[in-house]
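Biologist: Could you take me through one part of this model in detail? I'd like to start where the two chains meet and then zoom in on a single helix.

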Amino acid sequence: MMNQEDIYNNVVRIVSKHAKDTEALNSINPQTHILNDLKVNSARLVDIVLDFEDTFDLEISDDDADRIATIGDAVTLVKALKN
Amino acid sequence: MVGQLNYFWFGPLLVFILRFCLAYRSPDRRLVRRRLRDLIDTHPRRPLLICANHMTMIDSLLLTWLLFDLRTLMQRFSYFPWNVPELANFGKNFFLRGMCYIAKCVYLERQGSVASKRLVWEKISYLNRLGESLCVFPEGGRSRTGNLNRDAAMYGVGQLVQSNPRTLVLAVYLRGRAQKTYGFWPRWGDRIWVDWKQVDVTIAEGRKAQRDITMQIFDQLEVLERGYHAAWQ
């Protein structure tokens, strides 16, 4: 059973792989915007969602995936789906 | 019908500009067109999805000129491919908007909302189901690396094929001999290389399958790119 901290750390690890602004990773927090702050290519959001599904063993619908904008959104969504 | 009538002046104008004003040459184009026409004749009711590499702003025009002869487009206007240009680049003024209207375009806003992207998806999916040809660039934008950029892959192309497995998927490689990196258009008088392969995609359900289908298309594009380098570099 993953706690909130585990989920957060895994989300950050997954998203960091696709960040183009590596400087922004130093100040990453739940409010960090994945596209605007980390400069992740929007096409890579699908890879991030697929990694979430594999890592947390869950399925994310297109509607839910479209709602992920920040690190916090991703953590909240994963937590909700895990429960 | 209006679009088809437009082609009587737009088609020859396009060919005149590309062949005589910009002096582009493509010695293999007749063979390439004949192969494609044979494929179309073998699968007459399947929609074409042209998936091409992307290096210049006029790739769509070049592809239409090099892949189809005038007769094919006159007889079957549905093979004149729809394009999905970026609104910020091709919707700037009345002239470009007029050109895009005639040349069958659906505008996309790359930085647009999720809703606007969904609307574009619905439109191209509808056109595909109608049997219309589509031309897309799975790299999303012009390659900044000088070669095919797998890291920029957009999985929407896989999603489209997944939604209509009858789609006839073509990987097309287009590049001027002097084209070292991306640009606005190929150099004046350049020899343009064009070659294509049909992609027999393996179709499954789910988001992962969309990525797999897209990667199968990239695999074929890479084969074509190796052919370009082997022949001309």
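**Where the chains meet, and one helix up close**

Modeller: Sure, and keep in mind that this is a predicted model. Five residues of chain A are in contact with nine residues of chain B. On the chain B side, helix α9 (residues 207–232) gives the largest share of the residues that touch chain A, namely three. Sorted by class, that side of chain B has five nonpolar residues, three charged ones and one polar one.

Now for chain A itself. Chain A has four helices and zero strands, and along the sequence they give the pattern α-α-α-α. Its radius of gyration is 12 Å, close to the 12 Å from the globule rule for 83 residues, so chain A is as compact as a globular protein of that length. If you want a feel for the dimensions, the C-alpha atoms of chain A fill a box of roughly 35 × 25 × 20 Å along the principal axes. Of the 83 residues in chain A, 24% count as buried. As for contacts in chain A with a separation of 6 or more, 56% of them are between residues 24 or more positions apart.

The helix I'd zoom in on is α2 of chain A, residues 45–56. It has twelve residues and spans 16 Å from its first C-alpha to its last, close to the 16 Å expected at 1.5 Å a residue. The buried residues in α2(A) are A:Val46, A:Val49, A:Phe52 and A:Phe56. Looking down the axis of α2(A), these buried residues fall within an arc of 120 degrees, so they line one face of the helix.

What do the buried residues of α2(A) pack against? Within chain A, they pack against α1 (4–16), α3 (62–66) and α4 (71–82). They also pack against α9 of chain B, the helix that supplies the largest share of the chain B side touching chain A. Just past the end of α2(A) comes A:Asp57, with a positive phi near 55 degrees.

While we're looking at chain B, have a look at its strand β5 (residues 192–198) as well. Five of the seven residues of β5(B) are buried, so this strand is largely enclosed by the rest of the structure. β5(B) pairs with strand β4 (residues 168–176) of chain B in the antiparallel sense, over seven bridges. In β5(B), B:Ile192 stands opposite B:Gly176.

Notes
Residues are numbered from 1 along each chain as its sequence is written. Chains are lettered from A and ligands numbered from 1 in the order in which they are written. This is a predicted model: local features need pLDDT of at least 70, side-chain atom pairs count only at pLDDT 80 or more; totals for chains, interfaces and linings use all residues. Helices (H or I, at least four residues) and strands (E, at least two) are DSSP runs, numbered from the N terminus. The radius of gyration is taken over C-alpha atoms; the globule rule is 2.2 Å times the number of residues to the power 0.38. A residue is buried if 20 or more other C-beta atoms lie within 10 Å of its own, exposed if 12 or fewer, and partly exposed in between; C-beta atoms are placed from the backbone. Two residues are in contact if their C-beta atoms, placed from the backbone, lie within 7 Å. Ala, Val, Leu, Ile, Met, Phe, Trp, Tyr, Cys and Pro count as nonpolar, Asp, Glu, Lys and Arg as charged, and the others, Gly among them, as polar. The expected span of a helix is 1.5 Å times one less than its number of residues. The arc is that of the directions from the helix axis to the C-beta atoms. Two strands pair if DSSP finds at least two bridges between them.
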